[in-house]
Amino acid sequence: MSSSTPIATAFRSRRGFSLVEFMVAMVLGLIIIGGAISVYLASKNSLTEVEQVAAVSENGRFALQVLNYAAKHVAFFGSAAPADIRVDDALGAVTDDCDFPADAYNTNDSFFARRATSANVFGCIDDAMPNTDVLVIKGVIPSPLYDANPDDPNAPRDGVISFPAGGWDNETAYVIANSEVGIILDGADTPPDVREGSEFALGIAWPYRVQIFYVRNNPTGPTLSRKVLAWNGAAMSIQNEDLVQGVENIRYLFGFDSNNDGDVDTIDSLTAVETANAWDSVTSMQAFVLLRSQNADPSYSNEKTYQLGDVAVTPGDDIRRVLLHTEITLRNPRLVLRGGT
């Protein structure tokens, strides 16, 4: 007869884990859970970084696109040279206009830059980010208006700017110019006669544009903004447009021609160009745009150094940033210099 009874055998078969087995199971479980948490946190941090960098990079590409388009039309005033353009006697004062040389209708200073030493720049900007560059571009929009269809030699010409129909806007400033002379006027004023034999013979009307790009110290975050010439309901005025949020700093380098052969001889900061009084000889530029994420990340430490042209920036905080750079050829100044005019 066996010494083990059925009851004893059943009791041993239903026996639970020992304390050692239980502790080993807990340790293994904690290791697995800890690993899963680590993978989750790493994935979350990676996703946060990718989202922030992608958003900042997208904003940066748009900022460069805007700057590229504006800079490529530097010094374009139709057929006339900036020095040959005068202001119409009936042209009213610009509300909130900037100080010289950034004043709206001063076409002689149609392209230059200044460094913001404080929030106040040119008398029309009071919220600039200090130690950033401010770029001034004046010119015309390549959307010309004519006396008649230039592609139709038989179209009747009466000296009045009227083609295409409905193109003339009373709330826009225009430059009407031929190859010898130009005039700035409001669309609400009477444009000059452009018939053959007149001062503005065969003149073309171009919408006039003023753009002053700067980094705005916006309460919601640094922003690439610009001052523009626009109608305010009663008169032409300098107004603000916010373009790209997250732009923290902009610096420019300029390539200028020291011997008037149309080729860049020196690449330097705006201070160097200003010292050399060489804005009329600038034929290329480089823009360095530093953008930041709108949100800080406590798990991230930004110890990078960003080289913005002639200055290095080391933030030392918990905000992700992207530095973008572009080179722009200034076609119109280069053509003028190579033409010897």
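A salt bridge, for this talk, is a side-chain nitrogen of Lys or Arg within 4 Å of a carboxyl oxygen of Asp or Glu. The model you are looking at is a predicted one. Searching the whole structure for such contacts gives 13 salt bridges.

I will go through three of them. Take Asp310 and Arg115, whose side chains meet in a salt bridge at 3.5 Å, N to O. Where do these two sit in the chain? Asp310 is in the loop between β12 (306-308) and β13 (311-313), and Arg115 is in strand β2. They are 195 residues apart, so the pair links distant parts of the chain. Asp310 counts as partly exposed, at 37% relative accessibility. Arg115 is also partly exposed, at 23%. This pair belongs to a network of salt bridges that links Arg115, Asp133, Arg251 and Asp310.

Next, Asp297 and Arg320, with a salt bridge of 2.8 Å, N to O. Asp297 lies in the loop between β11 (282-292) and β12, and Arg320 in the loop between β13 and β14 (321-329), so this salt bridge ties together parts 23 residues apart in sequence. Are the two residues buried or exposed? Asp297 is buried at 8% relative accessibility, and Arg320 is buried with a relative accessible area of 8%. Arg320 has another contact: it lies over the face of Tyr300, at 4.4 Å from the ring centre.

The third is Asp317 with Arg321, where the closest N and O atoms are 2.8 Å apart. Here Asp317 is partly exposed, at 24% relative accessibility, while Arg321 is buried, at 8%.

Now the aromatic rings. How many aromatic pairs are there? The count is nine. In one of them, the ring centres of Phe112 and Phe122 are 5.9 Å apart and the planes stand at 85 degrees, so the pair is edge-to-face. Phe112 is in strand β2 (residues 111-115) and Phe122 is in the loop between β2 and β3 (133-140), so the pair ties together parts ten residues apart in sequence. Both Phe112 and Phe122 are buried.

Trp168 and Tyr174 are arranged in another way. Their ring centres are 4.1 Å apart with planes at 15 degrees, so this pair is stacked. Trp168 is partly exposed, at 21% relative accessibility. Tyr174 is buried, with a relative accessible area of 2%.

Last, there is an aromatic cluster formed by Phe111, Tyr252, Phe254 and Trp279. That is the end of my part.

How values were computed
Residues are numbered from 1 along each chain as its sequence is written. This is a predicted model: local features need pLDDT of at least 70, side-chain atom pairs count only at pLDDT 80 or more; totals for chains, interfaces and linings use all residues. Side-chain values use heavy atoms; hydrogens and water are left out. Rings of Phe, Tyr and Trp (its six-membered ring) pair if their centres lie within 6.5 Å; planes under 30 degrees apart count as stacked, over 60 as edge-to-face and the rest as tilted. Helices (H or I, at least four residues) and strands (E, at least two) are DSSP runs, numbered from the N terminus. Buried means under 20% relative accessible area, exposed over 50%, partly exposed in between (1.4 Å probe, protein chains only). A charge sits over a ring if NZ of Lys or CZ of Arg is within 6 Å of the ring centre and within 35 degrees of the ring normal.
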